[in-house]
Amino acid sequence: MTTSKFETDRRSLMGGTLGALTIAAISGAAAAPASKTLATIRKAVPPRGTFGIVMPGIKRTAFLNVPAGMNPPAFQDHWIATYAPRLRMRGAQTIIFNLIDKEHSPDKRFDAVTEMFFDSDWAYEQEYLNGPTAYTEEAERTRPAIVIVSRQIGIRDFDPGRPRPAVKRFGVLRRKPELTTDTLALAWRNDHAPLFAANDYLRRYYVNLTDRTYAPDVPWDGYADIWWDDFASVPLHSDARVPIPESDSEEVMYMFMTPTAVI
């Protein structure tokens, strides 16, 4: 059996950032659905929950602008009514539609963000790389300004038994020029994340690293997915001795959002 040029190039790229994080057997993920087993990439004392777990699967995050003549809430209603019924029947395990909170977002480049999580590379490729589907139709019609395809690293997860927090923020970053994708991934997980996650006011914290196999030309290297109970908690720190980590970013876009679960 011959191997396609895409598959050869893809496998050569997969050993980069994720290889630096020692995710086992990631290069074979396109051939068949990935295992549900989580892979521990580093032993560490967790701030809460399990620190440093690379989640199986792949995430597609699209940043959208509202079409002319439509306001953001109407766009959300239109998107959910138009695309959600068909998307629910396809490969994504989770779909979330987020409206950007314009009042609290210092950078207002976008109006909405969609998150689609697939449990394997294979499932993602069936929807976006193997012919037209409901997902490719949605992408063609909404024409996202940016699409980030990423791997998720769990730093802190929701507390069981507590109400779901109301405030969600993305911090989308471009790395400093002296960093590679590999060194950014290691510095973010090993240096930045433990310090930032030591703040007990955080309710959930995930790092999303751009997968350059699927998104080679995206100008952003990843984003932090962070939740708080409310806006009053955002500037608070549980311990004044916990420093604010020095950023490894050249540029950061911060955006608060209101999520709606589609699936």
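**A walk through the predicted model, starting at Met-255**

Let me begin with one residue, Met-255, which, once its neighbours within four places in sequence are set aside, is in contact with Phe-63, Ile-100, Ser-105, Phe-110, Val-113, Lys-168, Arg-169, Phe-170 and Val-172. Please keep in mind throughout that what we have above is a predicted model, with a mean pLDDT of 83 for the protein and 81% of its residues reaching 70 or more. Over residues 1-16 the pLDDT is below 50, and this stretch has 22 contacts in the model beyond near neighbours in sequence. Residues 22-48 also have a pLDDT below 50, and there the model shows 53 contacts beyond near neighbours in sequence.

As for the general layout, the protein has six helices and ten strands, and buried residues make up 48% of its 263 residues. If we take the contacts between residues at least 6 apart in sequence, 78% of them join residues at least 24 apart. The protein exposes about 12,600 Å², of which carbon and sulfur atoms supply 55%.

Coming back to Met-255, we find this residue in the largest nonpolar core, a set of 39 residues, where Met-255 is listed with Phe-63, Trp-79, Met-116, Phe-118 and Val-172 as having the most contacts inside the core. Which element gives the largest share of this core? That element is α3, which contributes five residues. There is also a second, separate core of 22 residues, and among its members are Leu-184, Ala-224, Ile-226 and Val-234.

Let us stay with α3 for a moment, which spans residues 72-87 and has a kink of about 30 degrees at Ala-81, shortly before the proline Pro-85. At the N-terminal end of α3, Asn-71 acts as a cap, with a side-chain oxygen 2.8 Å from the backbone nitrogen of Ala-74. The buried residues of this helix include Phe-75, Trp-79 and Tyr-83, and the elements that cover the buried residues of α3 include β3, β4, β5, α5 and β10.

One of those covering strands, β5, holds Thr-114, whose contacts, not counting residues up to four places away in sequence, are Arg-60, Thr-61, Ala-62, Leu-64, Trp-79, Ile-96 and Phe-97. Is Thr-114 buried or exposed? Thr-114 is buried, because its relative accessible area is 0%, which falls under the 20% limit.

Another contact of Met-255 that deserves attention is Ser-105, which lies in the loop between β4 and β5 and, at 1% relative accessibility, counts as buried. The side chain of Ser-105 reaches the backbone nitrogen of Phe-256 at 2.9 Å, and Ser-105 is also in contact with Ile-100 and Tyr-254, among others. Ser-105 and Met-253 are 148 residues apart in sequence, and yet their C-alpha atoms are 9.0 Å apart in space.

Two further places are worth finding on the structure. Helix α6, residues 181-197, bends by about 40 degrees at Trp-188, and Trp-188 is itself one of the buried residues of α6, as are Arg-189 and His-192. Finally, in the loop between α5 and β6 we come to Arg-143, which is exposed, with a relative accessible area of 67%. Most residues other than glycine have a negative phi. Arg-143, although not a glycine, has a positive phi of about 45 degrees.

Key. Residues numbered from 1 in each chain as written. Predicted model: local features only at pLDDT ≥ 70, side-chain atom pairs only at ≥ 80, totals over all residues. Heavy atoms only, no water. Bend = angle between axes of the 7 residues up to and from the residue. Helix = DSSP H or I, 4+ residues; strand = E, 2+ residues; numbered from the N terminus. Buried < 20%, exposed > 50% of the residue type's maximum accessible area, 1.4 Å probe, protein only. Contact = heavy atoms within 4.5 Å. Polar contact = N/O pair within 3.5 Å; in protein donor to acceptor, adjacent residues only side chain to side chain. pLDDT = per-residue confidence, 0-100. Areas by Shrake-Rupley, 256 points an atom, 1.4 Å probe, with all protein chains shown as cover. Core = buried A, V, L, I, M, F, W, Y, C linked by side-chain atoms within 4.5 Å.
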